[in-house]
Amino acid sequence: MAGGGGGGVTPLGPAPPMWYHRDLSRAAAEELLARAGRDGSFLVRDSESVNGAYALCVLFQKHVHTYRILPDDEGFLAVQTSQGVQPKRFKTLPELVSLYLQPNQGLVTTLLYAVDREETAVTDDRDYSDGEDEKPPLPPRSASTSTPPGPETPTESTLAANGLSTISHEYLKGSYALDLEAVKQGASSLPHLNKTLVASCKRLNGEVDKVLSGLEILSKVFDQQSAFMVTKMIQQSVNQGGDQELENLVTKLAILKDLLSSIEKKALKALQDMSLSSPCSPPPFSMRHSKAIPVQAFEVKLDVYLAELTKIGKSQKYTLSVDVEGGRLVVMKKVKDNQEDWTTFTHDKIRQLIKSQRVQNKLGIVFEKEKDKSQRKDFIFASAKKREAFCQLLQLMKNKHSNQDEPDMISIFIGTWNMGSVPSPKSVASWVLCRGLGKTLDEMTVTIPHDLYVFGSQENSVCDREWVESLRAVLKEQTELDYKPIAVQTLWSIKLAVLVKPEHENRISHVGMSSVKTGIANTLGNKGAVGVSFMFNGTSFGFVNCHLTSGNEKIARRNQNYLDILRLLSLGDKQLSSFDISLRFTHLFWLGDLNYRLDMDIQEILNYINRKEFEPLLKVDQLNLEREKNKVFLRFAEEEISFPPTYRYERGSRDTYVWQKQKATGMRTNVPSWCDRILWKSYPETHIVCNSYGCTDDIVTSDHSPVFGTFEVGVTSQFVSKKGLPKSSEQAYIEFESIEAIVKTASRTKFFIEFYSTCLEEFKKSYENDSQSSDNVNFLRVGWSNKQLTTLKPLLSEIEYLQDQHLLLTVKSVDGYESYGECVLALKSMIGSTAQQFHTYLSHRGEETGNIRGSMRVRVPAERMGTRERLYEWISVDQDETSGPKGKSTMVSRVGHEYVKQSVVRKQLGELGKVNEEGEKNCKEENAARSKQDTPDGESSIGKNSFNNPAYYILEGVPHPSAAELLSSPTSPTAPPVKAPPPSAGARTKPPPAASGPAHSRRTVVAGHPARGVSEESSSEDDGGGALAGAQGGGIGGTVGSTLNRPPPDFPPPPLPKGALETAAAEAQLSKPRSLYPDLAEMAKTLSESEFPGQPPRAPSAPPPVRAPTIGILDACRTFPPRNPIPESIAEDMPEEALWGSSSSSLSVGESSVGEWLQRLGLERYEQGLLHNGWDDLEFLSDITEEDLEEAGVLDPAHKQILLESLRQQQQQK
């Protein structure tokens, strides 16, 4: 803590002054100063960039100025000054502040008004359990433990180090003189030095003996000659001392060196000899005792068109038998006289699985019939769960018989359970097998072992060793595998245990563990969190298990618990200290008793539960509501809840909720709630699918039910280049054309960007921004041209390596080196010779602080372009056609929880599954392909993003003009009436039609408002107020795509075609949008605009704002929702006629072909798909439907709308 720094002098004086706000965040400090609103208002907080330093924040002319206060080597404090200026030094902060309370001391203004911190009463912090105890339980004897044990404790290592230095010091101080005297008398040895060296190396000697003993068995098997020497050395090491002991140590080190350098080669030769003599090599040791997966049979029906029924006969019943161990799929159908016709396909002949999006129990299978020829058959399963089980078994079969050394995908079990301070029952099999209520696994796959098991528990009174051994015993009983514990972290009764399959033990590295207390005054561990992180080959994982504050009314306290854990939990790569843990890992899972409750009358809750109607309850779930407000779990995902609330049951039963408890303070109500949850957050364009999410119904020892979730997660290997390090001519480059960021801050300092990635040798910095502007005191637009941005050189240049890499960016201030926002970008969609746009949000300390966009490319040399299909790309999702020839499909990716996924483009079904060697051409196609986001109601959703939510622009507590005041100066003489108030926050509303329009058609023009102060801001530059509300993401490649990685909600769809944007922008000038807050709409409008070639001129009524040059990026980028549509979205205030419909977009008289028409609209990419499906005549295009367009490859809803609207207008003109 900064508050404790400063050498022997306490920098805060006898007591911390009220203007010192400890670890207050930068954003919160600016908000407090904005509320104060007077020039000269100030406060001091801890620096976010330097431990032990402080930040003096001063408000002047509505801008916040930050000065760093740094301690020197003697502990004195000084305000950081310009180079060459002598700083004034002070012993304490109060002394420093007292000087600057005087005028003309070099600050932008004199310190006048101290902004005091808000002290909270200790009683408000109390968090006694909702359960059985009036007082928090005492901590166990070992307050925090970690298994397996890490390195020695600091005390031991310090003693050891001091011991060695003492031995050497004593020799130089005394024994050295004795050796010198002996040499003077003609001695040829140094007995005292020898004795010193033996003592110093005593521990080393023992360690070498341990290593040699461990290698002795291997050497006996593979290297008989070395084995003899090893055995001899171990025997000689007993009862030796003096010169012989030291010589023996040197000899052992030499043998150890030779043994380690040669044993791998000799073992390889021995195994090769064994493989030649025995055609069938034995299975790996870890696999010998695993339970064999039996052959599973699925009864299905063949899905055919009516026209084809006559060709194949009436029998449509098939049996699909999956032999995972044998690597075969048998397709069998019954024919006449009970005879059977069957065909066997080996694992390598199954090219693709295509899941139907519309029919949840339908699956297409693409078989390889002959060389370069394939056949697709669609089957209807008994249920969606059966289809998922079949797919899981086939994936397992593919993985088992793959020729890849390392897995592409692993399965993870995650469980969380508040045990209620009593031991668990003898069997928790239903928990580890995901049996119970909600989304569960099919019985055919329920016993298949997962690769990782993660168990989080709260109020767990069992000691660590006993708990882990009981979990291992359950897994051994169910899977016949001896799972290995890789980490156990404990904070009082909060425990997190991670176990891994034996075969993966060596793939785990960089294990880290941490804990954070959030109990009373953040000093008690009855509430808090424990975390574990590690690398699985090349993929980083983080797991957090927490127990947050209880009580229906303690929402704000729970939110603060989450933010404290996010900031203070020390996990992952230490180089990423600028990023909170939500951005440090490829995949982060957050589980535990989060304690969020339901805001509804108890009787209503019970009625809904009895009727199994969970949707109304989820609308009033506190966690869902707080996530919608972006207060907690920003951009995290959670699987749909389809199980009853897991708290608070009567112990011994799952039939009754106990919702009242008599306490000393009176009757306490604990309504049934989903306290126990599992959420996750993954990097963009990574593969993750939740296959189950539910709770048990037969474990009744606690008042909570255990919750489980299983995940299918894509992983990367530790990539080894087959071509070695790149030469200069084969070097890949990451190049930026420009970057622009909008930051929520009242500061006007300069900024730079830091770039971090595992593919970079070290982090890189940009130069400071060369453009800066603001229309709102609370927001700042900063830009970097390509001259200010450095070119990055990845360590390896292979596309197969680069497409799995990510780039972390942090925007930092030049004055305080503090981060104003961080984000992550996927390199995959940036690969190609032409620059690609990116657009994502910035966050800091768990809150959204702005957004960032830019143009970049990843150039990969042609020699390094070879890649391969991943196992998780083998299954894709098909958007069904209502008509059309069999065998053709338009596939879009699986989407859930606001994750938008990009499709890999494939030319034809016959090529599915092949290694892609076409290089950059296919990369461009991949970048062009985008999949449509699927929402539960089938429509794209408008998200509650900061920059399309007017409320975001108003700092809490800062006065703002009322709607009446704003409407007194209308935007036009014929301004439409004000809209009715939006529905409540909990209601789930459909997005308005305006959501699918291009950005320019939804701009709001407000003219004539003068510049205002903090209390009455008129506009702000935002990167897409209206634009962000809307453009749909869609597959514009028009060809067949497979299932690929889903980026989290920060990855934008491609920009709309230039022609369509021009058309929509021209129409936007004719429309008069209505808005409840015109100046806020103007704020969004100005922040969404960017100058780029081809942009139509603005309407005369809108004077061009004064601004710095911008970066030429299309605005049709979507921001991504947390969960639900936002009723107060700016897009809702736009008139419907501002979207589409202009004669300029219809077929012109001179157009004589489909190609010319598409070229006119800027959609010529769809020409081949339309012609291929028979739409080659303009006269017949008027009959085309949305399904026909999808069949031809037009997946983007916005593009479909453009085409259909153009055809409709052509018909009207006729």
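Trainee: Along strand β7 (residues 296-302), which side chains point to one face and are buried?
Mentor: Strands here are DSSP runs of E with at least two residues, helices are runs of H or I with at least four, and both are numbered from the N terminus. Buried means under 20% relative accessible area, exposed over 50%, and partly exposed in between, with a 1.4 Å probe and protein chains only. The side chains of β7 alternate, and Ala297, Glu299 and Lys301 point to the other face and are not buried. That leaves the buried face to Gln296, Phe298, Val300 and Leu302.

Trainee: Before we go on, what kind of model is this?
Mentor: Residues are numbered from 1 along each chain as its sequence is written, and side-chain values use heavy atoms, leaving out hydrogens and water. Local features need pLDDT of at least 70, side-chain atom pairs count only at pLDDT 80 or more, and totals for chains, interfaces and linings use all residues, since this is a predicted model.

Trainee: Which residue of β13 stands opposite Leu302?
Mentor: Strands count as paired if DSSP finds at least two bridges between them. β7 joins β8 (residues 317-323) antiparallel through six bridges, with Gln296 opposite Val322. β7 also pairs with β13 (residues 373-380), antiparallel over two bridges. There, Leu302 stands opposite Phe379.

Trainee: Is Gly364 buried or exposed?
Mentor: Gly364 sits in strand β12 (residues 362-370). Taking contact as heavy atoms within 4.5 Å, and leaving aside residues up to four places away in sequence, Gly364 touches Gln352, Leu353, Ile354, Arg376, Lys377 and Asp378. Lys377 is 13 residues from Gly364 in sequence, yet their C-alpha atoms are 5.5 Å apart. With a relative accessible area of 1%, Gly364 is buried.

Trainee: Which strands stand at the edges of the open five-strand sheet?
Mentor: The order is β4-β3-β2-β1-β5, with mixed pairing. Each edge strand has a single partner, so one of its sides is left without a neighbour in the sheet. The edge strands are β4 (77-79) and β5 (113-114).

Trainee: What angle does the direction of helix α1 make with that of β1?
Mentor: Axes are lines fitted to C-alpha atoms, for helices over the stretch in contact, and angles between N-to-C directions run from 0 to 180 degrees. Helix α1 (residues 26-36) packs on the sheet and touches β1 (41-46), β2 (54-60) and β3. Its direction and that of β1 make an angle of about 165°.

Trainee: How far apart are the end C-alpha atoms of helix α14 (residues 555-568)?
Mentor: The expected span of a helix is 1.5 Å times one less than its number of residues. Helix α14 has 14 residues, so it should span 20 Å. Its buried residues include Arg557, Tyr562 and Leu566. The end C-alpha atoms agree with the expected span, being apart by 20 Å.

Trainee: How many disulfides does the structure hold?
Mentor: A disulfide is a pair of cysteine sulfur atoms within 2.5 Å. Cys675 counts as buried because its relative accessibility is 0%, and Cys759 is buried at 0% too. The number of disulfides in the structure is zero.

Trainee: And for the chain, what percentage of the residues count as buried?
Mentor: The chain has 27 helices and 40 strands. Among contacts between residues at least 6 apart in sequence, 72% join residues at least 24 apart. Of the chain's 1214 residues, the buried share is 55%.
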